[in-house]
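Here is a short tour of one protein model. Keep the sequence and the 3D view open as you read.

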Amino acid sequence: MEKIHVLIVEDDPEMAEELKNELLELQYRVTAANNLTEAIGQFHLSQPDIVLIDIVLNGEKGGIKLAQHIYQDQSKRVPVLFLTNMQDRETFEQARRTVPCGYLLKPYNPMELVYAIELALEQFYSPDQADTKREEVKCLFVKKRDRMVKLQFEDVEYIQVEGRYCQLHTAKENYLIQYSLKELQELLPASSFVRIHRTYVVQVDSIRSLSPQDSTVEMKGGKLLPLSRRYLQAIKQNYKILV
């Protein structure tokens, strides 16, 4: 699991420092830039999960240009949140045309900012967006108590279906998310995960052994999961099994 990485683009040093400290306290990873050129460089170098942008940078609306730059390459798109004191309709319309995930006015409420970040991540990386971003999605953002956690697919050993929820099992923690298995499978890399039972999907690299006779799958951590004959046939078709 990794900390969610936020890029702050703010030309006011005091505001930037305040934002940075608040996000660090909330267990985010933070990178900062104070002008358009530096922000573009940091965006490509640090590959953040979300970008907080002040619209006016050094007297110009560089924040809007930055959002346009971020969204022009489909493979590098991340959610953008504008954080600004610009309240006029013209500026808002210019910003809206970039299709940001939020528009917050200064002075901001810290909890309002946290909620905006969480909503932006959830909406941007939701299964609803899978058709356009399937090949690009490399991770999930899930809620764990009072914070969001960045969960790499490679960290997920197996998934257990619990009604309309899915339990993501990793070596250290489990995460319960309100996605159906069908929705979740639209995001999962098909080559890395395989269904072994109506209530279980496992990461191929986490499998230690298959036992058709006992109808079980042994995971590397020693956990035994049920193996359905129906899905065993699919496994044989998609993976080379030497006997």
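## A facing pair of leucines

This model is predicted. Start with one pair of residues: Leu52 stands opposite Leu81, and Leu81 belongs to strand 4. Strand 3 and strand 4 run parallel, joined by 3 bridges.

## The parallel sheet

Now widen the view. Strand 3 and strand 4 belong to an open sheet of 5 strands. The order across the sheet is 2-1-3-4-5, and the pairing is parallel. Which strands stand at the edges? They are strand 2 (29-33) and strand 5 (102-105), and each of them pairs on one side only. From one strand to the next, the twist averages 20°.

## Helix 3 against the sheet

Helix 3 covers residues 62-72. This helix lies across strand 1, strand 3 and strand 4. Its direction makes an angle of about 175° with strand 4. Angles over 145 degrees count as roughly antiparallel.

Which residues of helix 3 are buried? They are Gly62, Gly63, Ile64, Leu66, Ala67, Ile70 and Tyr71. What covers them includes three strands of the parallel sheet: strand 1 (5-9), strand 3 (50-53) and strand 4 (80-84). Helices are also part of the cover, including helix 2 (36-46), helix 4 (89-96) and helix 5 (110-124).

## Helix 2 beside helix 3

Helix 2 packs against helix 3 at an angle of about 25°. Their axes are 10 Å apart. Angles under 35 degrees count as roughly parallel, and helix 2 and helix 3 are therefore roughly parallel to each other. Their crossing is right-handed.

Which residues meet here? Helix 2 brings Leu36, Ala39, Ile40, Phe43 and His44. Helix 3 brings Gly62, Lys65, Leu66, His69 and Ile70. By type, the residues of this contact divide into 6 nonpolar, 3 polar and 1 charged. Three of the helix 3 residues in this contact, Gly62, Leu66 and Ile70, are also buried.

## The antiparallel sheet

Further along the chain there is another open sheet, with 3 strands in the order 13-14-15. Here the pairing is antiparallel. Why is one side of strand 13 (207-211) and of strand 15 (224-226) left without a neighbour in the sheet? Both stand at the edges, each with a single partner strand, so one side of each has no neighbour there. Neighbouring strands are turned by 25° against each other on average, direction ignored.

Look at strand 13 and strand 14 (residues 216-219). They pair in the antiparallel sense over 4 bridges. Leu210 stands opposite Val217 in strand 14.

Conventions: Residues are numbered from 1 along each chain as its sequence is written. This is a predicted model: local features need pLDDT of at least 70, side-chain atom pairs count only at pLDDT 80 or more; totals for chains, interfaces and linings use all residues. Side-chain values use heavy atoms; hydrogens and water are left out. Buried means under 20% relative accessible area, exposed over 50%, partly exposed in between (1.4 Å probe, protein chains only). Helices (H or I, at least four residues) and strands (E, at least two) are DSSP runs, numbered from the N terminus. Contact means heavy atoms within 4.5 Å. Two strands pair if DSSP finds at least two bridges between them. Axes are lines fitted to C-alpha atoms, for helices over the stretch in contact, and angles run from 0 to 180 degrees between N-to-C directions. Angles under 35 degrees count as roughly parallel, over 145 as roughly antiparallel, 65 to 115 as roughly perpendicular and the rest as oblique. A crossing is left-handed if the near helix is turned anticlockwise from the far one by less than a right angle, and right-handed if clockwise. Ala, Val, Leu, Ile, Met, Phe, Trp, Tyr, Cys and Pro count as nonpolar, Asp, Glu, Lys and Arg as charged, and the others, Gly among them, as polar.
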